[in-house]
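Here is a short report for a first look. Please view the sequence and the model together as you read.

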2 protein chains.
Amino acid sequence: MNFKEEQGLRIARIEEIIKKYLPREEGFHRTLPEAVNYSVLAGGKRLRPMLMEESFRLFNGTGAVIEPFMAALEMIHNYSLVHDDLPAMDNDEYRRGQKTTWAVFGEGMAVLAGDGLLNLAYETAAGAFSFAADFDQMSRIAKALRILGAKSGINGMIAGQTADIEAESGKNPLTQELLLFIHEKKTAALIEAAFMIGAVLAGASDEETARMETAARKIGVAFQIQDDILDVVSTQEILGKPVGSDEKNNKLTYVSLKGIEPSRQEVERLSREAIGILNSFANRNEFLTELVKSLIHREK
Amino acid sequence: MNFKEEQGLRIARIEEIIKKYLPREEGFHRTLPEAVNYSVLAGGKRLRPMLMEESFRLFNGTGAVIEPFMAALEMIHNYSLVHDDLPAMDNDEYRRGQKTTWAVFGEGMAVLAGDGLLNLAYETAAGAFSFAADFDQMSRIAKALRILGAKSGINGMIAGQTADIEAESGKNPLTQELLLFIHEKKTAALIEAAFMIGAVLAGASDEETARMETAARKIGVAFQIQDDILDVVSTQEILGKPVGSDEKNNKLTYVSLKGIEPSRQEVERLSREAIGILNSFANRNEFLTELVKSLIHREK
């Protein structure tokens, strides 16, 4: 089985895990679970739960304790999309070729659906405690929960969304430092959560978990720079969305700051360093290495 | 010291607890913690954390493990207000005489501030695990966390907000059953969380916790019916906000459904039953009984 086939199978399995934790569409408030399920089931590569599970495997993790955290992280990613798409934010009517949640259910319901998803993420993750049979397992789950909160929160992903909005409004001068802050928080933070939670729940040491955090940050930033490169060099046909939008929107990107070639070199460097870290552990996870390469060197 | 003085002292102490968990206003994203802190520090009676702490005392709870949960519940209450006030929801520019978060910081930032507060609530509550020294304490905190999630979530408070919005849009027929659903979810759910978490963290049994849940539900519904009564019988001078707004907005209330006198009797009945439950435990908490009476029989 080649990498793409293996990835496809894993996506299907992750979908099944996520579905187990989605709400039933019933009751006086049934529009809420409908909107929640619509937004979660609208597709996507399930990248964050996949990275989490592969990190868990890298440290020889076994059992179902990882599953509620995989679902929770995907819910957090999805709530952030639902709120980002709102007219008061990015005002996007379509995502992955489908109408966004607010475009289908209205703005008020999209606010509530995002809130519901974020809350459901923590309900779901807290459900992992039912797998814990001793103090050590409890402690690991508690630690994973705190990582999830920190990486998703006010000093994590939401900090990146805020800095991004404020950069566009011209509140802060557009420097390389600010750009890196946005990439690290908005994109890398949830990848860090994925790697760290996978490691912690498998019983990795603090030192190992910290190295996984570093690898994740490099992957997240490289992923984002590659995104900026593709916006310039790709075609609409390959990318499936308009190219050149960053330049048109006068958006600060690594490419506009440094140029194409230095950006490519930066992606190379980050990628090499991240994979170096992943290959430095006692165990190997070939699928994870392939996955990281495919993310960073993607053509669309 | 009379009840009002005691209540004032407790509010001040709860404010100090909450402040410990609020974010620093710094970094590229500093507008976010500014908006979060603005919304939490805009006042309020800190009713939910107060009820939680009094429930904890009723079951002889001691120690600081309750504090992160008190702060977390107030954060959840506040995020729901920030999002409820949005133009896409209730479109309120003022609350308690102050500009609402979106009116000061803009709509996009208010969405993010609400998200940040909700996430911070779970970060804060998960911090309670640092107080746990054994498996039993861990288990109680995990249970409290799951109660917080369930009462705040898709089948808790957010269900009530959804049903309320949908009732106004005429999606569901306005029946007494629907009205009770909205009151129980939108108002009572967080009071149930307060009582149950206080009990669980103090080591109350499942049966005792279930009785506290029942008492909380009665208090929440009575509180809401009293709100509806005051909207009809009070004056703007006493209430500090326009009266008769429910009738003007053609809003379904217990009063419009049943009339004033039956509504008063219902408040009486629920209040008597709730206090009966609170007085049925081995221990007594006079302040809690006074607090519940003051809430239900308030004139504003």
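The report below covers confidence, the pairing of the chains and one helix.

## Confidence

This is a predicted model. The predictor gives the complex an ipTM of 0.95. The pTM is 0.96. Chain A has a mean pLDDT of 93. Of its residues, 95% reach 70 or more.

A word of caution applies to the rest. Where pLDDT is low, the predicted coordinates should not be read in detail.

## How the two chains pair

Start with the symmetry. A turn of 180° lays chain B on chain A. The shift along the axis is 0.0 Å, and the RMSD is 0.0 Å. The two copies are thus related as by a two-fold rotation axis.

Look next for the residue of chain B that comes closest to that axis. It is Phe135(B), with its C-alpha at 2.5 Å.

The contact surface fits this picture. Of the interface residues of chain B, 100% are also interface residues in chain A, so the copies meet through the same surface.

## Helix α9 of chain A

Helix α9 of chain A runs over residues 176-202. That makes 27 residues. From first C-alpha to last, α9(A) reaches 36 Å, close to the 39 Å expected at 1.5 Å a residue.

The helix α9(A) has a kink of about 55°. The kink is centred on Ala188(A). Most of α9(A) is covered, with 21 of its 27 residues buried. Just after α9(A) comes Gly203(A), which takes a positive phi of about 95°.

Key: Residues are numbered from 1 along each chain as its sequence is written. Chains are lettered from A and ligands numbered from 1 in the order in which they are written. This is a predicted model: local features need pLDDT of at least 70, side-chain atom pairs count only at pLDDT 80 or more; totals for chains, interfaces and linings use all residues. Side-chain values use heavy atoms; hydrogens and water are left out. Copies are superposed by least squares on the C-alpha atoms of residues with pLDDT of at least 70 in both. Contact means heavy atoms within 4.5 Å. pLDDT is the predictor's confidence in each residue, from 0 to 100. Helices (H or I, at least four residues) and strands (E, at least two) are DSSP runs, numbered from the N terminus. The expected span of a helix is 1.5 Å times one less than its number of residues. The bend at a residue is the angle between axes fitted to the seven residues ending there and the seven starting there. Buried means under 20% relative accessible area, exposed over 50%, partly exposed in between (1.4 Å probe, protein chains only).
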